[in-house]
Amino acid sequence: MLVQHCVHKLHESVAAEICREQTNRLQITDNRDLWSKLTDFTYLTSLFERLSETEHRVLTLFLTDASRGFLAQRDWSSASRGKRLEHAYALTGLRRLGFIYLLQNQQQEQAYVVPQEVRQAFLKWRIAKLSVKKAPVHLQQQALPYYIPSGRGIHLDMIAVLLSVRQQPLRLTKQGRVARQALQKLASRISLQAAHLHRDLMQDEVPSEQAAVMFVLDLAKQLRLLHAQGQQLVLSEQSERWLELPVEQRREQLWQVAFAEWLPLESWIEAFAMLMKELEPNEWFALDDLLALVTELGCRLPQDAETILLNRWLHLLLGLGWVRLGRDRQGRNYVQIVPICGEAADARWYIDPAGVLTLPPNVTSAKLWQVSRYGEISFQLGAMACQLTDAAGKQAVAEGESAQEIADFLQKSCAHPLPEAVHDLLGRWERDSRSILLDRVVRVRLATPQLAEELQQIPALRQWIDSQISPTEFLIPERWEAEWCQTVKEHGYPLTCEGSIDRAGNSEAESSREQCQRSNVSNVKEAETPAWPWPAYQFQSRFPDRYEGLEEIVKLPKMWTRHFQAYHPQTLRTMLAQAIQLELEICWENKQGTIQRSFPVKLKNEHGYWRVVCLNQTAAGEILLDDIARLQILLPACFDGMV
């Protein structure tokens, strides 16, 4: 879950209380909103430094024992066994800081969750205090072999799929699945392979050789770049806007979807995935060293952790082009983070006389998308090329582009003047595609021929009346309709339309199109709001009291916690029962005057004699209550002054 989920559901008053609590901890005023603070690593680091040791332990539990930072109440009770009250006090403190949020389902069962950004920042803060061991220097300069090839990059695979769908929408079966013939055609255009996917990521009804295509299509639908329309899968309106985003933002969106949808639920794999984001790119790291670091952070690993990690997560990242994997001669596995390939707006391509564009790897996706309108993109051996084709070019001209506009676009990013053969090719596109032209026009009908002659005497209206089709009718281009209506009104002529005109002079159809566009934009914005990850639980927007859930501690008599003295046997049993229930430590003195500290765990009566089973640092033992001369219940340091 992201910070965006939580802040979106918080009441303004609760968010203000959280900001006030953060200010009290730091003793520094920061007027930014809560979302800005909780996504600022520097600010979070300052708060981490001010946390108590117990609060650090509790926050670590949400790294090592929680899946996606989520802990149900029963799991929380199990994880905090032995220090329930101390951890409950720290949990409340972290909730007041906006690090942990409360959830509740219809059965009134509670759960707690830490947003991903907070967990990532806390992990980064803890890693800074540890040493991340790199591979030996002699391995850093090598391209270590691996038995599965890496993908060219999910962003290029995604563009290849989107281009195919733009060229020909995918046919859907009656069950809503993509037809197998379409999957077979797409399989040859992407670099992701079935070998990169764990069997859990493959759909049962899809052959293994087509599983990679289904994965990319699913990813595109998760990003809302594709959607079903009737019996076809087509491009959504926001696909082009997504390609225009900075490459870092697109990479982060892809990562968030992969992290949320396909990362295994085990907490140690999630901790490893977050650890990977903090590694230096283009540096080899031994996999066993990184897993040792995950263990040092507090995670418990299975015996075959390295194999599980490779098969269920790293092979997928290899296919997405985000990591490189390698193996040395001793069979030791290594991982390397692939840096983000930056896109440059001034990247230059080359065009030969045959109409083949050689595209640089840092060309922007928006330009790549535009170039593909005039030809066919190919990805071979890590290089990109585009062959200008008559079919694509004539279609672009038919949709309204001129040969000069296409030439200007190609020349703007070309490292040399366009070859004369390319200019000839563009001219041929324009000549051939405009042999038959369709143009939308508006027919103007006048009441009498005399009115037509009258309008021709007005200079501002004369320019429109040059396409007469009868003495009382003429045509004007649709794009001039609004201007014509406004000019006629300004000269005092009444105007009647079969489709009503709005105040701006737009026709009903045009207004309908604008309304549809606004509706689409609204739908896109709503679609971009992340889905709630746990639909069975409702978010609780409530700022907790500092001692929430600690009522039992408040009710303890101060004499029991502040004085080390003798008590009546009945009071002694009551004190021990309370200490057992609250999992508190006791300090007691026997008849010989020896003082000890223990944790009572069980109170029992045997043959009329009361005994208490206690745990100390070395072993467990039974104490006869008649042997206890003095007793005191010890509270954790965080409760000093509370009772």
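Select His 87 first, in helix H7, which spans residues 84-96. In this predicted model, His 87 is buried, with a relative accessible area of 7%. Display the neighbours of His 87 beyond four places in sequence: the residues it touches are Thr 54, Arg 57, Val 58, Leu 61, Trp 76 and Ser 80.

**The nonpolar cores**

Move next to Phe 99. Together with Leu 217 and Trp 313, Phe 99 has the most contacts inside the largest nonpolar core, a set of 149 residues. With residues up to four places away in sequence left out, Phe 99 touches Leu 38, Leu 44, Leu 47, Phe 48, Leu 51, Leu 59, Leu 94, Val 113, Val 114, Pro 115 and Val 118. A second core, separate from the one around Phe 99, has 24 residues. To find this second core, select Leu 85, Leu 556, Leu 584 and Ile 633, which are among its members. As general background, nonpolar side chains in soluble globular proteins tend to be buried together.

**The cavity**

How many cavities of 30 Å³ or more does the count give? The count comes to one. The volume of the largest cavity is about 80 Å³. To outline this cavity, select Leu 10, Val 14, Ile 18, Arg 95, Ile 100, Tyr 101, Leu 102, Gln 540, Arg 542, Phe 543 and Pro 544, the residues that line it. Colouring the lining by residue class shows eight nonpolar residues, one polar residue and two charged residues. Two elements to highlight here are helix H2 (12-26) and strand E2 (101-105), each of which supplies at least two residues of the lining.

**Cys 19 and Tyr 43**

Stay with helix H2 and select Cys 19, which lies in that helix. Cys 19 counts as buried, at 15% relative accessibility. Beyond four places in sequence, Cys 19 touches Leu 34 and Lys 37. Draw a distance from Cys 19 to Lys 37: the two residues are 18 apart in sequence, and their C-alpha atoms are 8.8 Å apart in space.

Lys 37 also leads to the next stop, Tyr 43, since both appear in one list of contacts. Tyr 43 lies in helix H4, residues 41-50. Is Tyr 43 buried or exposed? Its relative accessible area is 8%, so Tyr 43 is buried, the limit being under 20%. Apart from residues up to four places away in sequence, Tyr 43 touches Gln 22, Leu 26, Asp 30, Arg 32 and Lys 37. For a view across the model, draw a line from the C-alpha atom of Tyr 43 to that of Met 384: they are separated by 43 Å, and the residues are 341 apart along the chain.

**The cysteines**

How many disulfides does a search of the whole structure find? The search finds zero. In general terms, a disulfide is a covalent bond between the sulfur atoms of two cysteines. Select Cys 414 to examine one case. The closest cysteine sulfur to that of Cys 414 belongs to Cys 386 and is 13 Å away, so the pair is too far apart for a bond. A disulfide would need the sulfur atoms within 2.5 Å. Cys 414 counts as buried at 6% relative accessibility. Cys 485 is a further buried cysteine to select, at 4% relative accessibility.

**Three loop positions**

From Cys 414, step along to Pro 417, in the loop between helix H20 (403-412) and helix H21 (420-433). Pro 417 is exposed, with a relative accessible area of 63%. Measured off in the viewer from C-alpha to C-alpha, Pro 417 and Glu 270 are 52 Å apart, with their positions 147 residues apart in sequence.Now select Asn 282, in the loop between helix H15 (267-276) and strand E7 (284-286). Asn 282 has a positive phi of about 60° although it is not a glycine. Asn 282 is partly exposed, with a relative accessible area of 41%.

The last selection is His 607, in the loop between strand E19 (595-606) and strand E20 (609-615). Phi of His 607 is also positive, near 55°, in a residue other than glycine. Is His 607 buried or exposed? His 607 is exposed, with a relative accessible area of 80%.

How values were computed: Residues are numbered from 1 along each chain as its sequence is written. This is a predicted model: local features need pLDDT of at least 70, side-chain atom pairs count only at pLDDT 80 or more; totals for chains, interfaces and linings use all residues. Side-chain values use heavy atoms; hydrogens and water are left out. On a 1 Å grid over the protein atoms alone, a cavity is a set of points where a 1.4 Å probe fits but cannot get out, and a pocket is an open set with protein on both sides within 12 Å along at least five of seven lines; lining residues have an atom within 4 Å of a point. Grid points are joined across faces, edges and corners, and a volume is the space filled by probe spheres set on the points. Helices (H or I, at least four residues) and strands (E, at least two) are DSSP runs, numbered from the N terminus. Ala, Val, Leu, Ile, Met, Phe, Trp, Tyr, Cys and Pro count as nonpolar, Asp, Glu, Lys and Arg as charged, and the others, Gly among them, as polar. A nonpolar core is a set of buried Ala, Val, Leu, Ile, Met, Phe, Trp, Tyr and Cys residues joined through side-chain atoms within 4.5 Å. Buried means under 20% relative accessible area, exposed over 50%, partly exposed in between (1.4 Å probe, protein chains only). Contact means heavy atoms within 4.5 Å.
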